[in-house]
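Visitor: I should like to take a close look at a single part of this structure, namely the surroundings of the ligand. Please describe them for a first-year student.

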Amino acid sequence: MKHTDVKEILSSQEFVGKTVTVCGWVRTSRNSKSVAFIELNDGTSLKNIQIVVDKSSGADYKEPRVGMSLKVTGTAAAGRNNTIELNASPENIEVLGECPTDYPLQKKGHTLEFLRSMPHLRGRSNTFNAVWRVRSVLAASLHKFFQSNNYVYVNTPLITGSDCEGAGEMFQVTTIGYNNEYKTEEEYYANDFFGKRAGLSVSGQLEGEVAAMAMGKIYTFGPSFRAENSNTPKHLAEFWHIEPEVAFAELDDVIEIAENMLKFVIRELLETCPDEIAFFDAHFEKGLKARLEELISHDFGRVTYTEAIKLLQESGEDFVYPVEWGCDLQTEHERYISEKVFKKAVFVTDYPKEIKSFYMKQNPDGKTVAAVDLLVPGVGEIIGGSEREADYDKLVAAMKERNMNLDLYSDYLDLRKYGSVPHGGFGLGFERLIMYTTGMANIRDVILYPRTVGSIR
Ligand code: 4AD
């Protein structure tokens, strides 16, 4: 269908005086005796284009209802405040789709909870129009950052036989229904599709390491699945995960890459989406733009886990979860560190080995591993990463301590046998990045169809 994107028309005065065709959905409509106004949005821009309908010819004009889809041909004209509008006559307005009066988005100002109940329609509200675009722009920028720095994009398997994080949060993949005749677990798995237990991957890291050991620098960008029973505003059962993995790199290098990557994509976002950022600043988080500008112009903070525990213990705060060396940092602790102590993004490094995964490089102190989490104000952790254990014997020892089945990880162990190198990487939760850059407080509002415990649509 030949037409011009509203975004193109609104961004160039060159259209003035020209005949153009636009398509879109009616956001509002006003009618009077000689003239009518329609606000049309086609999704390409947060802004609507105003159609000014000249009724003086006496042609039949049926006022369109909110939600209807139209194709309009008219003459672009300079409107107020430097905008461009479209002058059209009634006969050049074609109805593509009717919209009955039960259309749920008749009025503005719906709550996010209400909009969440209609994931198929909420993209037609300003809020979700802006969120989906920010999501798209951030995705493109992430690719740009890695591609322009010689990383190779790899696609790691979604169905896997090994649990990367070892936290037992894998969804099972099976073709055998509940009514099975098998007597033992072994017999059951042996008869299943893959002949052994399989699940949805919680992370592409292990296969990412395989690729990095050949290509040097790689990244993945795909979904990860976690069967975590955490009904929180920052956990999804299916989230999008960016995982760079770099050979010839130590923990400091991993931290530098993470900081450069975030600064790059946020700088691009501020340049590409000024309207969307202004919208979120006005409606969701006052000071968002200043916060993002601040982030890209200063170094991130850095603190060890052991120092962070001390800061928390000396804070005088009444935390719900008690703080002692060896505990996992909870969101309340993470937010205290980034919001109250550092007042900016902060890398926390060198966690106790017991609370981190088997693959992390063991530090000489015998107690901690070369892990890193990035904590940001408002959200908490958005990145988790580490330098990997590159020593075969140490890795095997860590896996045995955790009673892991080494047979399932033979490829992974081979990497430490054949030309092992220091290497590391991290995982960035894409939805958490979107929350941080938009000020949206609930992860369910930054993905098209959120999957959370007890909820799928
Ligand atoms: O810290 P995590 O579990 O680290 C890994 O998966 C490593 N294998 C990454 C690596 O080193 N390649 O997860 C990384 C990030 C978290 O910081 C968080 O942003 C996001 O993934 N994440 C989730 N996002 C939404 N919902 C969930 N349930 C998430 N779990 C993790």
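**The shell around the ligand**

Guide: By residue type, the shell around the ligand divides into eight nonpolar, nine polar and eight charged residues. The model is a predicted one, and in this model 25 residues surround the ligand. The closest of these are E165, Q205, E228, E243 and E381.

Let us turn next to the backbone. A polar backbone atom of I382 lies 2.8 Å from an oxygen atom of the ligand. For G429, the corresponding distance, again from a polar backbone atom to an oxygen atom of the ligand, is 3.2 Å. With F426, the ligand takes part through a nitrogen atom, which is 3.4 Å from a backbone N or O atom of that residue. Taken alone, the ligand exposes 630 Å², and the protein buries 93% of that area.

Which elements give two or more residues to the shell around the ligand? They are β11 (238-247), β15 (380-387) and β16 (423-429). The largest share, five residues, comes from β15.

These elements may now be matched with the residues already named. E243 is among the closest residues to the ligand, and its number falls within β11 (238-247). E381, also among the closest, and I382, with its backbone atom 2.8 Å from a ligand oxygen, both have numbers within β15 (380-387). F426 and G429, which approach the ligand through backbone atoms, have numbers within β16 (423-429).

Technical notes. Residues are numbered from 1 along each chain as its sequence is written. This is a predicted model: local features need pLDDT of at least 70, side-chain atom pairs count only at pLDDT 80 or more; totals for chains, interfaces and linings use all residues. Side-chain values use heavy atoms; hydrogens and water are left out. A residue is near a molecule or strand if one of its heavy atoms lies within 4 Å of it. A polar contact is a pair of N or O atoms within 3.5 Å; within protein, one must be able to donate a hydrogen and the other to accept it, and residues adjacent in sequence count only if both atoms are side-chain atoms. Accessible areas come from the Shrake-Rupley method with a 1.4 Å probe; for residues, only the protein chains shown count as cover. Helices (H or I, at least four residues) and strands (E, at least two) are DSSP runs, numbered from the N terminus. Ala, Val, Leu, Ile, Met, Phe, Trp, Tyr, Cys and Pro count as nonpolar, Asp, Glu, Lys and Arg as charged, and the others, Gly among them, as polar.
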